[in-house]
Each structure stands twice: as structure tokens, then as C-alpha cells.
Amino acid sequence: MDKSKILQTVKNRIAEKMLKFEELIASTRASNNDTKSSMGDKYETGREMLQQEINNLQRQLNETAAQQMAVQKMTAESSVKAQNGALVKTDKGLFYISASVGEVMSDNVKIMTVSPESPLVKAMAGLGKGQAFFVNTVSHQIQEIW
């Protein structure tokens, strides 16, 4: 498995996600400025709702920026235990421990990206090849780690 390609895919997805949040914030701010009315309270309520949406988008952008900083520090070096940056093959699938950006394809193989804070990663953290762990009473067996 080429972990460098997987890592680059994760970095690209996070960058795309940040761009989308920035565009949404800009368009919401523009609509907030365009909302002019003589309706009094309705005008203020609408502006407040738009401001709350901007705040929510900004929070999501900040979380994504934190993910990006963490992923930028990662390397494609091989691992011997389940930890941040490891590609872990279990009897249930392939998992790349980095930032959760969904499913990625590499060499026609489906890989799920998972956050180090996820219950799955917390259960397998520090384990090595051949070891088993449980998540919600489901047994997983680590077959390989890259």
C-alpha cells in the first residue's frame, strides 16, 4: 500500500473542505449585508439567524483547519502499531488513522479514514499485528499494519 498517496488524498480533501467553508461564509456574509428591510423585528431576527449560521460555519472551518494542521505533520512512514498515521488492515476492512474524510480509494482498494478520537481507533490504539479488539461487542482482528 502506498500510504503517501492516501495521505495526499486526505490532505486534498481537507483543503477542498476548507475552501467550501470559506465560500459559504463569504456568500452568507454577502446575503447578510443584502438583507435590508423596513420590517423592524423581522429584519433583526433574519440578520441574527444569518449571523448564527456564519458563526456555525466559522466553527466548522476552525475544526477543519485544526485537522489540516495535524495531517500536515503526518508522514507516510511505516508503523508497527495502531497509531496516528498508520494504515491498519483488520478482518473488517482497511482503516487509515488520520482525519475522518470518508472513504478513499487507493489501487482499487476501499479505505476508510478515521479520526484518532473515534471509538474504533481508541479501541485499537497501541495494538499490533495479530491482536484483537472489540468495538460495541464486535470483534476485530488486526491482520496487517503499514
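User: Leaving aside neighbours within four places in sequence, which residues is His 140 in contact with?

Analyst: Keep in mind that we're looking at a predicted model. His 140 sits in strand β6, which covers residues 138-145. Once its neighbours within four places in sequence are set aside, the contacts of His 140 are Thr 90, Asp 91, Lys 92, Leu 120, Gln 131, Ala 132, Phe 133 and Val 135.

User: Is His 140 buried or exposed?

Analyst: Buried means under 20% relative accessible area. His 140 comes in at 8% relative accessibility, so it counts as buried.

User: In what order do the 6 strands of the open sheet come?

Analyst: The pairing in this sheet is mixed. In general, strands of a sheet pair through backbone hydrogen bonds, either parallel or antiparallel. Here the order is β3-β4-β2-β1-β6-β5.

User: Which strands stand at the edges of that sheet?

Analyst: Look for strands with a single partner, because one side of each is then left without a neighbour in the sheet. That picks out β3 (102-106) and β5 (132-135).

User: Which residue stands opposite Gly 102?

Analyst: Strand β3 pairs with β4 (residues 109-114) in the antiparallel sense, over 5 bridges. Across from Gly 102, in β4, you'll find Thr 113.

User: Which element gives the most to the largest nonpolar core?

Analyst: That core has 19 residues, and Ile 6, Val 10 and Ile 14 are among those with the most contacts inside it. At least two residues each come from α1, α2 (41-72) and β2 (93-97). The top contributor, with 7 residues, is α1.

User: What does Ile 111 touch, not counting residues up to four places away in sequence?

Analyst: Ile 111 is one of the residues with the most contacts inside the largest nonpolar core. Leaving out residues up to four places away in sequence, Ile 111 touches Met 1, Ile 6, Leu 87, Leu 94, Phe 95, Tyr 96, Gly 102, Glu 103, Val 104 and Ser 106.

User: How many residues does the other core have?

Analyst: This core lies apart from the largest one. Ala 82, Val 88, Met 124 and Ile 145 are among its members, and its total is 14 residues.

User: How far apart in space are Phe 21 and Ile 54, C-alpha to C-alpha?

Analyst: Phe 21 belongs to helix α1 (residues 3-34) and is buried, with a relative accessible area of 11%. Beyond its neighbours within four places in sequence, its contacts are Leu 57, Gln 60, Leu 61 and Thr 64. Phe 21 and Ile 54 are 33 residues apart in sequence, and their C-alpha to C-alpha distance is 9.8 Å.

Key: Residues numbered from 1 in each chain as written. Predicted model: local features only at pLDDT ≥ 70, side-chain atom pairs only at ≥ 80, totals over all residues. Heavy atoms only, no water. Helix = DSSP H or I, 4+ residues; strand = E, 2+ residues; numbered from the N terminus. Buried < 20%, exposed > 50% of the residue type's maximum accessible area, 1.4 Å probe, protein only. Contact = heavy atoms within 4.5 Å. Pairing = 2+ DSSP bridges. Core = buried A, V, L, I, M, F, W, Y, C linked by side-chain atoms within 4.5 Å.
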